[in-house]
Amino acid sequence: MNAPAPQFEARLARDAAEMRAAQGLRYEVFVAELGGDGELTDHAARLERDRFDAQCDHLLLFDHARGGAVVGAYRLMTGTAAAAGQGFYSAGEYDLGPLLASGRHLLELGRSCLHRDYRGGAAMVPLWSAIADYVAAHHVEILFGVASFHGTDIARLAQPLSYLHHVHLAPEDLRVRALPAHFQRMDLVPAGRIDRKAAVLAMPALIKAYLRLGGFVGEGAFVDHAFNTTDVCLILDTTRMDPRHHARYARPNA
């Protein structure tokens, strides 16, 4: 008996139509659902896009049970692509000096989103597996990118931000720092007064996933009023990650 075909397929966008599908999903999540906006957002066509899209690879998640609909997306930018284009997106929020000075192979992850019907389930698994393959193929050593809390009410985010600062702050050699104009201290609650359970519950699933892999955060948050988010910079060094996942993300050829 033949095994059933897999429901999900994760692969890079192959043409302009597939990139537009990713931008359409991003619009539904970041603009329609979360209230964000941007200079190049096309509200008439319902596309969330920016000036970095053209220099990135776009990883898409297709659901074949829904006719091949794009239900997940990730934007991937290597250091080579950043150098040949307009730099990294995250450089608009953080001083990336420590990462750039490391001389190591970098990969910026961004614009991660899932259709609301697929959150909390298995849909992220094929996306992360595809990212691991991309890491190996491009010899990536450090993955990084901004991840967002919804909203800009810092008082509401004091517990999770403080927990990240006190427990998961990046080591000095990788410690990027939010740019001064939008810098928000994260050590808002003393370490001894953090409600760990409340802090973790208040964190988006994506941030928790990076932390489980052994990720760190940069110093300070970036308050992005245009996107209606409070951002932190997550950094994952494949040589320092959780040993349970190291073999997958740090293969010999990587």
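**Notebook: empty space in the model**

I began with the class of each residue around the largest cavity, and I noted six nonpolar, three polar and two charged residues in its lining. The model I consulted is a predicted one.

I then looked up the size of this cavity and recorded a volume of about 50 Å³. I found one cavity of 30 Å³ or more. Its lining consists of Cys 56, Arg 75, Leu 76, Met 77, Tyr 89, Ser 90, Glu 108, Leu 109, Gly 110, Gly 145 and Val 146. Strand S3 (69-78), S5 and S6 each give two or more residues to that lining.

Next, I turned to the pockets. How much space lies in the largest pocket? I entered about 1200 Å³ for the largest pocket. I counted 44 lining residues there, and Tyr 74, Ser 112, Met 124, Ala 205 and Leu 206 are the ones nearest the centre. Among the elements that supply two or more of these lining residues are helix H1 (16-33), strand S5 (106-114), helix H4 (124-137) and strand S6 (142-150). Helix H7 (205-213), strand S11 (229-237) and helix H8 (243-249) also belong to that list. By class, I noted 26 nonpolar, 10 polar and eight charged residues in the lining of the largest pocket.

My last entry concerns the second largest pocket, for which I wrote down a volume of about 360 Å³. Its lining has 16 residues, with Asp 50, Arg 51, Phe 52, Tyr 89 and Arg 111 nearest the centre. Which classes make up the lining of the second largest pocket? I recorded nine charged, five nonpolar and two polar residues.

Terms used
Residues are numbered from 1 along each chain as its sequence is written. This is a predicted model: local features need pLDDT of at least 70, side-chain atom pairs count only at pLDDT 80 or more; totals for chains, interfaces and linings use all residues. Side-chain values use heavy atoms; hydrogens and water are left out. On a 1 Å grid over the protein atoms alone, a cavity is a set of points where a 1.4 Å probe fits but cannot get out, and a pocket is an open set with protein on both sides within 12 Å along at least five of seven lines; lining residues have an atom within 4 Å of a point. Grid points are joined across faces, edges and corners, and a volume is the space filled by probe spheres set on the points. Helices (H or I, at least four residues) and strands (E, at least two) are DSSP runs, numbered from the N terminus. Ala, Val, Leu, Ile, Met, Phe, Trp, Tyr, Cys and Pro count as nonpolar, Asp, Glu, Lys and Arg as charged, and the others, Gly among them, as polar.
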